[in-house]
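Please examine the structure shown here, with attention to how its helices pack and to one of its pockets.

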Amino acid sequence: MSVATAAAILAALGGVLWLAARRFMGSNVQRLHQGLMRGKTVLITGANRGLGRATAAELLRLGARVIMGCRDCERAEEAAGQLRREVCPAGGPDPGPNSGGAGELVVKELDLASLSSVRSLCQEMLQEEPRLDVLINNAGVFQCPYMKTEDGFEMQFGVNHLGHFLLTNLLLGLLKSSAPSRIVVVSSKLYKYGDINFEDLNSEQSYNKSFCYSRSKLAYILFTRELARRLEGTNVTVNVLHPGIVRTNLGRHVHIPLLVRPLFNLVSWAFFKTPEEGAQTSIYLASSPEVEGVSGRYFGDCKEEELLPKAMDESVARKLWDISEVMVGILK
């Protein structure tokens with residue numbers, strides 16, 4: 001046996017042992033005090049799978065009334081049923097407003113690619129919900145082929161930024177009347193590769209799916225910082241986070257060659273976060289007393305992180321806000 005072959009075998013064995021150790025050591029998921037969110041209402045967009053589902057599950061365990069805002073209500077109801085079975089004690093009743101431990105779970109239709117759907121949900125919320133303590137803008141589209149929303153916006157910018165921009169603005173009154181309340185925005189580290197091109201926000205002149213995703217997440221951060229400035233003195237806070245690299249189906253539009261998939265699956269299993277691990281910062285910002293009163297900050301792994309200068313440009317943030325108001329019809 002050659003030295004190179006022996007080294008390769010040893011490296012492979014070492015990798016297998018390391019992966020096994022990581023697997024059996026358990027995930028880095030914290031359990032907060034049960035009942036911490038009792039009496040609070042939380043709206044989570046895209047809560048039927050991935051990060052949103054994991055966030056909903058933990059906030060439900062903490063006693064919150066969780067509203068799942070989802071495009072596909074059938075899938076959302078199926079996910080809600082699974083969550084009820086997971087969170088409830090074996091043989092116990094489904095979570096409901098009068099259950100002693102877990103909170104209540106509600107499904108509402110929300111298609112962020114449709115501004116009329118966003119307005120319908122907000123109207124329903126304002127009519128039926130006496131309070132809203134936490135809004136978690138979680139849903140997103142990742143590197144999809146060029147397509148447009150119902151209102152003619154490039155899909156990633158339309159869903160990731162504009163849909164949530166309108167949703168948040170229409171619910172601000174309810175959030176203010178429920179203060180102290182919180183807004184949590186899920187962005188991405190990939191914002192670093194994006195730029196705001198005011199001459200082509202709709203990507204009609206050129207389209208690169210990776211760049212447009214990064215631009216939408218940069219817009220998300222600029223939106224958060226401008227919103228924090230506008231909310232000063234209201235006792236409503238807003239913070240933005242990146243979840244890290246997480247094993248979800250968000251990358252369903254990314255093509256991975258068939259021969260490479262087994263290796264990719266192994267690497268993702270070893271190095272990517274589980275949805276439960278990736279949701280920790282969302283849960284932290286939604287519920288932890290440690291960030292009470294903190295606003296306009298960027299977090300990762302439940303710790304504040306620094307932003308690049310382009311994500312802190314106040315003039316760009318204000319201009320983007322003004323243009324977004326016109327695009328979604330808040331201002332004519």
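The paragraphs below take up three helix pairs and then a pocket.

The model is predicted, so that local features need pLDDT of at least 70 and side-chain atom pairs count only at pLDDT 80 or more, while totals for chains, interfaces and linings use all residues. Residues are numbered from 1 along each chain as its sequence is written, and side-chain values use heavy atoms, with hydrogens and water left out.

Helices (H or I, at least four residues) and strands (E, at least two) are DSSP runs numbered from the N terminus. Helix α4 (residues 115-128) packs on helix α5 (residues 155-177) at an angle of about 20 degrees, and their axes are 10 Å apart. Axes are lines fitted to C-alpha atoms, for helices over the stretch in contact, and angles run from 0 to 180 degrees between N-to-C directions. Angles under 35 degrees count as roughly parallel, over 145 as roughly antiparallel, 65 to 115 as roughly perpendicular and the rest as oblique. The pair α4 and α5 is therefore roughly parallel. Contact (heavy atoms within 4.5 Å) involves residues including Leu 115, Val 118 and Cys 122 of α4 and Gly 163, Leu 166 and Leu 170 of α5. By class, this contact has 11 nonpolar residues, 1 polar and 1 charged; Ala, Val, Leu, Ile, Met, Phe, Trp, Tyr, Cys and Pro count as nonpolar, Asp, Glu, Lys and Arg as charged, and the others, Gly among them, as polar.

Helix α6 (residues 209-230) meets helix α10 (residues 314-327) at about 95 degrees, with axes 9 Å apart. These two helices, α6 and α10, are therefore roughly perpendicular to each other. Among the contact residues are Phe 223 and Arg 230 of α6 and Trp 321 and Asp 322 of α10. The α6 and α10 contact comprises 8 nonpolar, no polar and 5 charged residues.

In the third pair, helix α2 (residues 50-61) and α9 pack at an angle of about 45 degrees, their axes 9 Å apart. Accordingly, α2 and α9 are oblique to each other. Residues in their contact include Ala 54 and Glu 58 of α2 and Ile 283 and Ala 286 of α9.

Ala 286 also leads to the second largest pocket, as one of the lining residues nearest its centre, together with Lys 40, Pro 180, Arg 182 and Glu 292. A pocket here is an open set of points on a 1 Å grid over the protein atoms alone, where a 1.4 Å probe fits, with protein on both sides within 12 Å along at least five of seven lines; lining residues have an atom within 4 Å of a point. The lining of this pocket numbers 15 residues, of which 6 are nonpolar, 5 polar and 4 charged. Both β5 (181-186) and α9 (280-287) supply at least two of the lining residues.
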